[in-house]
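Me: I should like to take a close look at a single part of this structure, with the reasoning set out step by step. Please keep the explanation suitable for a first-year student.

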Amino acid sequence: MFVQEEKIFAGKVLRLHICASDGSEWLEEATEDTSVEKLKERCLKHCAPGSLEDPKSVAHHKLIHAASERALSDSRTVLEENVQDEDVLLLIRKRAPSPPPKMAEVSAEEQKKQEQKAPDRDAIFRATASLPSYDMDRAVVQTSSRDFQTELRKILVSLIEVAQKLLALNPDAVELFKKANAMLDEDEDEHVDEAALRQLTEMGFPESRAVKALRLNHMSVPQAMEWLIEHAEDPSIDTPLPGPASQGEGEEAAAGPSAGPSTEDDEARDELTEIFKKIRRKREFRADARAVISLMEMGFDEKEVIDALRVNNNQQNAACEWLLGDRKPSPEELDQGIDPESPLFQAILDNPVVQLGLTNPKTLLAFEDMLENPLNSTQWMNDPETGPVMLQISRVFQTLNRT
């Protein structure tokens with residue numbers, strides 16, 4: 001009895017589950033040394049007998065190992081591809097490659113890219129060659145913008161003086177400003193900078209003491225920290241600050257009974273002046289604590305840093321440039337009003353909307369707030385009472401500035 005040589009030296013026979021793309025399934029036996037290409041030919045012969053007449057049919061199909069989701073290489077054997085007994089193989093047709101684009105389509109795509117491309121320097125010069133040239137210096141534009149901010153501050157300083165004189169003539173001015181003062185007290189009592197408070201509490205200070213220190217030092221973290229250290233042994237450090245009600249009672253008690261009708265107007269005027277001073281103190285500039293620390297770390301003195309932040313509306317980068325530059329405008333210039341005889345100031349005072357607004361205590365409060373906190377201008381511009389006044393001031397300034 002003769003046995004074929006390949007049968008004697010054949011590898012282990014594997015039973016493989018084959019699944020075709022048309023849904024048919026069958027078992028295919030193959031030895032471990034069978035090439036993947038040969039196995040693929042046998043699978044195609046089983047599911048599509050006539051397909052082998054096309055020599056490219058084998059190359060257009062592939063076997064995929066279902067468990068590992070990988071395509072088997074035609075040049076390797078079943079053993080090299082680590083195919084095991086009872087494994088599932090998928091016989092699928094390869095996806096046909098997309099045809100290359102036609103020349104017309106390529107040209108259209110390139111044309112679209114060229115249309116969306118930004119013009120270069122030469123193209124801009126060619127397109128604007130017929131336009132008249134203007135010598136516009138950017139430094140001049142920046143200076144004009146800075147002059148506007150400086151002039152606006154001077155306008156507010158002068159309008160505050162006018163508003164104080166007009167409101168002093170109002171018989172109800174004292175009561176109105178007492179209410180305004182009380183409102184400011186409530187705002188101060190309720191508002192505490194959470195970031196500043198968190199910084200102090202993380203240093204180990206009790207929250208109640210940190211709140212009190214921040215209120216006494218206008219939310220300045222360095223000053224509040226110094227106050228807490230200096231008053232650590234003070235027995236009254238935990239005593240809460242007096243509220244607006246107790247302050248009002250103290251002021252009334254200090255005022256005492258009226259001396260008589262002859263001095264009543266003088267006392268009212270003095271009381272109004274004191275209220276103005278209190279409002280001004282509450283609206284005074286508060287430097288950004290982080291900006292102060294950052295600029296002082298650069299070697300600048302604390303007073304210089306606060307002046308720089310005040311001049312530049314708490315903007316750290318602008319304050320640094322001011323400190324390194326000619327320091328114009330100076331902090332003293334910020335408190336100077338506009339010339340009362342200037343055409344600009346006369347035009348503003350002649351505006352009916354401004355005249356009416358100056359008799360409103362809220363307008364004076366808005367001017368005071370914008371004077372020390374310019375970033376709050378947007379809030380007052382959107383206010384129905386103070387917004388029209390600010391709009392008219394801006395229009396008058398812009399009109400005269402252009403002429």
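Is Glu 69 buried or exposed? Please begin from that residue and then describe the strands around which the account can be built.

Reply: The model is a predicted one. Glu 69 is exposed, because its relative accessible area is 71%, and the cut-off for that class is over 50%. The residue is found in the loop between strand E3 (61-65) and strand E4 (70-71). Its backbone also deserves attention: Glu 69 has a positive phi of about 55°, although it is not a glycine. Most residues other than glycine have a negative phi.

A second glutamate invites the same kind of reading. Glu 86 lies in the loop between E4 and strand E5 (88-93). Without being a glycine, Glu 86 has a positive phi of about 70°. With a relative accessibility of 39%, Glu 86 counts as partly exposed, since that class runs between the limits of 20% and 50%.

From these loops one may turn to the strands. E3 pairs with E5 in the antiparallel sense, over five bridges. One residue pair illustrates this: His 61 has Arg 93 in E5 as its bridge partner. E5 also pairs with strand E1 (residues 13-20), in this case in the parallel sense and over four bridges. Here Val 88 in E5 is the bridge partner of His 17, and Leu 90 in E5 is the bridge partner of Cys 19.

E1 has a further neighbour in strand E2 (residues 25-31), to which it is joined by seven bridges. These two strands run antiparallel, and Arg 15 stands opposite Glu 29 in E2. E1 and E2 form a hairpin with four residues between them. Within that turn, Gly 23 has a positive phi of about 100°.

The side chains of E1 follow an alternating pattern. Leu 14, Leu 16, Ile 18 and Ala 20 point to one face and are buried. Val 13, Arg 15, His 17 and Cys 19 point to the other face and are not buried. Thus His 17 and Cys 19, already met as bridge partners of residues in E5, belong to the face of E1 whose side chains are not buried.

To place this part in its setting, the whole chain may be considered. The secondary structure comes to 20 helices and five strands. Of the 403 residues, 31% count as buried. The accessible surface is about 26,400 Å², and 52% of it belongs to carbon and sulfur atoms. Among contacts in the chain with a separation of 6 or more, 58% are between residues 24 or more positions apart.

One helix pair may serve as an example from the helical part. Two packed helices are described by the angle between their axes and the distance between the axes. Helix H16 (residues 343-350) and helix H20 (residues 387-402) pack at an angle of about 145°, with their axes 10 Å apart. H16 passes H20 in a right-handed crossing. In H16, Pro 343, Leu 344, Ala 347 and Ile 348 meet Ile 393, Val 396, Phe 397 and Leu 400 in H20. By class, this contact has eight nonpolar, no polar and no charged residues.

Terms used. Residues numbered from 1 in each chain as written. Predicted model: local features only at pLDDT ≥ 70, side-chain atom pairs only at ≥ 80, totals over all residues. Heavy atoms only, no water. Buried < 20%, exposed > 50% of the residue type's maximum accessible area, 1.4 Å probe, protein only. Contact = heavy atoms within 4.5 Å. Areas by Shrake-Rupley, 256 points an atom, 1.4 Å probe, with all protein chains shown as cover. Pairing = 2+ DSSP bridges. Axes fitted to C-alpha atoms, helices over the stretch in contact; angles between N-to-C directions. Left-handed = near helix turned anticlockwise from the far one by under 90°. Nonpolar A, V, L, I, M, F, W, Y, C, P; charged D, E, K, R; others polar.
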